[in-house]
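User: I would like to go through this structure and ask why certain words are used for its parts.

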Amino acid sequence: MSSSHLVNADLHCHSTVSDGTLTPEQLAERARANGVQLWALTDHDEVGGLARARSAALSQGLAYLHGVEVSVTFADHTVHIVGLGIDPTDEALVEGLRATRGGRERRAREMSADLERIGIRGAFEGALLYVGNPDLISRTHFARYLVETGVCADTSEVFRKYLTEGKPGYVPHRWARLGDAVRWITAAGGVAVIAHPARYPFTPTEEYALFTEFKAHGGRGVEVLTGAHGAADVAKYTEMALEFDLLASRGSDFHAPDESRIDLGALPDLPGRLTPVWEALQARVQRA
Ligand code: AMP
Ligand code: MN
Ligand code: MN
Ligand code: MN
C-alpha cells in the first residue's frame with residue numbers, strides 16, 4: 001500500500017456478537033460497498049464473530065485484520081482498548097476476555113432494578129430482546145429498548161438521562177486492568193490501541209497518566225480518527241500521538257445504520273504526519 005495514510009482503513013466496528021445490529025457478514029458487505037480497503041471487526045470483550053468476519057471479508061476480496069475492543073477500568077473510569085491483528089485463538093486472550101465479560105448479566109439486573117425504582121419497568125427483559133449474544137448484554141441494548149418503548153427519542157438521550165455516571169440507571173462496574181488488556185493483546189500478536197480518547201472524562205493529569213502507563217505496558221497506538229472525534233479532537237490527538245510516539249488508528253466505531261454518526265469507511269484521511277497503525281500490522285493482514 002503506497003501513500004499508506006490515505007488507505008481507507010476502518011479498524012473499529014461492532015456486530016450482533018456485541019452491541020451492533022448487523023451481522024459480521026452484513027458488516028463486511030457494507031464495508032466493501034463503502035470503499036473500505038482494510039477492515040477489522042472489534043466487538044466488545046468478545047472474539048466470537050471473527051471467524052465469520054474473516055471469511056466474509058476474504059470472500060469479498062477485502063483485506064482484513066482480526067480485532068477486539070477490551071473494556072478496562074482506569075482511574076475509576078471505563079476506558080476501551082482496541083486490539084488489532086490479534087490471534088483470536090490465543091488462550092490467555094480468550095481467558096482474559098471471558099473474565100472481562102463476566103458480571104455483565106448481574107450488572108444488567110442491577111441497572112434494571114435501579115430503573116424500576118424510577119418507574120421504568122421490565123428493562124432487563126426488554127434489553128434481552130435486543131441481545132444477539134447472551135454473554136454480552138450491554139448498555140446499548142437497554143438504550144434500544146428505552147427508545148423502542150418511547151421513554152426516550154434516541155439512544156443518546158437514553159445515555160444522557162439514564163445510563164451514564166451519576167444517572168439513575170448507571171451501575172459502576174470493574175472491568176479488566178489496563179496492563180492486563182494490553183498484555184493479552186500484545187501476547188496474542190496484536191497491537192493495542194487507545195480507543196476514542198476524547199470520550200473519557202479525565203483531567204489532563206489523568207489523561208497523561210493513561211497514555212504514559214499504556215505505553216509502559218506495551219501499548220503502541222491511539223485512535224486519532226473515530227466517529228466520536230470532532231476536528232479539535234483530531235488536532236489534539238494528532239499532537240498526542242506524535243508526543244507519545246504512538247501509531248495512529250482510524251475506525252468509525254460503527255454500531256447500526258440508524259444510530260451511528262459515521263458510516264463504515266466514511267472517516268476523513270489520517271493526517272500525513274502520523275504513522276498509520278496498519279504499517280505495523282502488514283504481516284497480520286489477511287487477504288484472499
Ligand atoms: P457497556 O459496555 O455495556 O458499558 O456499553 C458501552 C457501549 O454503550 C459503548 O460501546 C457504546 O456503544 C454505547 N455508549 C456509551 N456511551 C454512549 C452515548 N453517550 N451515546 C450512545 N451510545 C453510547
Ligand atoms: Mn458499543
Ligand atoms: Mn468504545
Ligand atoms: Mn466500539
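The questions below deal with a metal site, a strand, a single residue and a pair of helices in a predicted model.

User: What makes D19, H44 and H255 the residues that coordinate the manganese ion (ligand 2)?

Analyst: Donors are N, O and S atoms within 2.8 Å of the metal. D19 (OD), H44 (NE2) and H255 (NE2) lie at 2.1 to 2.2 Å from the manganese ion (ligand 2), so they meet that limit. Along the chain the donors follow the spacing D-x24-H-x210-H. D19 is in the loop between β1 (9–10) and α1 (24–33), while H44 is in the loop between β2 (38–41) and α2 (50–59), and the two are 25 residues apart.

User: How far apart are the manganese ion (ligand 2) and the manganese ion (ligand 3)?

Analyst: The distance between these two ions is 5.5 Å.

User: Why are D19 and H44 called buried?

Analyst: Buried means under 20% relative accessible area. D19 has 3% relative accessibility, so D19 counts as buried. H44 has 7%, so the word applies to H44 too.

User: Why is strand β8 described as largely enclosed by the rest of the structure?

Analyst: In strand β8 (residues 247–251), 5 of the 5 residues are buried, which is why the strand is described that way. Both of its faces are covered, with L247, S249 and G251 buried on one side and A248 and R250 buried on the other.

User: How do you know that β7 and β8 pair?

Analyst: Two strands pair if DSSP finds at least two bridges between them. Strand β7 (residues 221–226) and β8 have 5 bridges, in the parallel sense, so they qualify. One of the bridge partnerships joins L225 to R250 in β8. From β7 the chain passes through helix α10 (residues 231–243) to β8, in a right-handed β-α-β crossover.

User: Is S71 buried or exposed?

Analyst: S71, which sits in strand β3 (residues 63–74), has a relative accessible area of 1%, so S71 is buried. Leaving aside neighbours within four places in sequence, S71 is in contact with D45, V79, H80, T100, R104, W175 and A176.

User: Why are α6 and α7 called roughly perpendicular?

Analyst: Angles of 65 to 115 degrees count as roughly perpendicular. Helix α6 (residues 139–148) and helix α7 (residues 155–163) pack at about 110 degrees, with their axes 9 Å apart. The angle falls in that range, and the two helices are therefore roughly perpendicular to each other. Where they meet, the residues of α6 include F142 and L146, and those of α7 include V158 and F159.

Notes. Residues numbered from 1 in each chain as written. Chains lettered and ligands numbered in written order. Predicted model: local features only at pLDDT ≥ 70, side-chain atom pairs only at ≥ 80, totals over all residues. Heavy atoms only, no water. Donors = N, O, S within 2.8 Å, 3.2 Å for Na, K, Ca; no water. Helix = DSSP H or I, 4+ residues; strand = E, 2+ residues; numbered from the N terminus. Buried < 20%, exposed > 50% of the residue type's maximum accessible area, 1.4 Å probe, protein only. Right-handed = clockwise from strand over helix to strand, strands pointing away. Contact = heavy atoms within 4.5 Å. Axes fitted to C-alpha atoms, helices over the stretch in contact; angles between N-to-C directions. Parallel < 35°, antiparallel > 145°, perpendicular 65-115°, else oblique.
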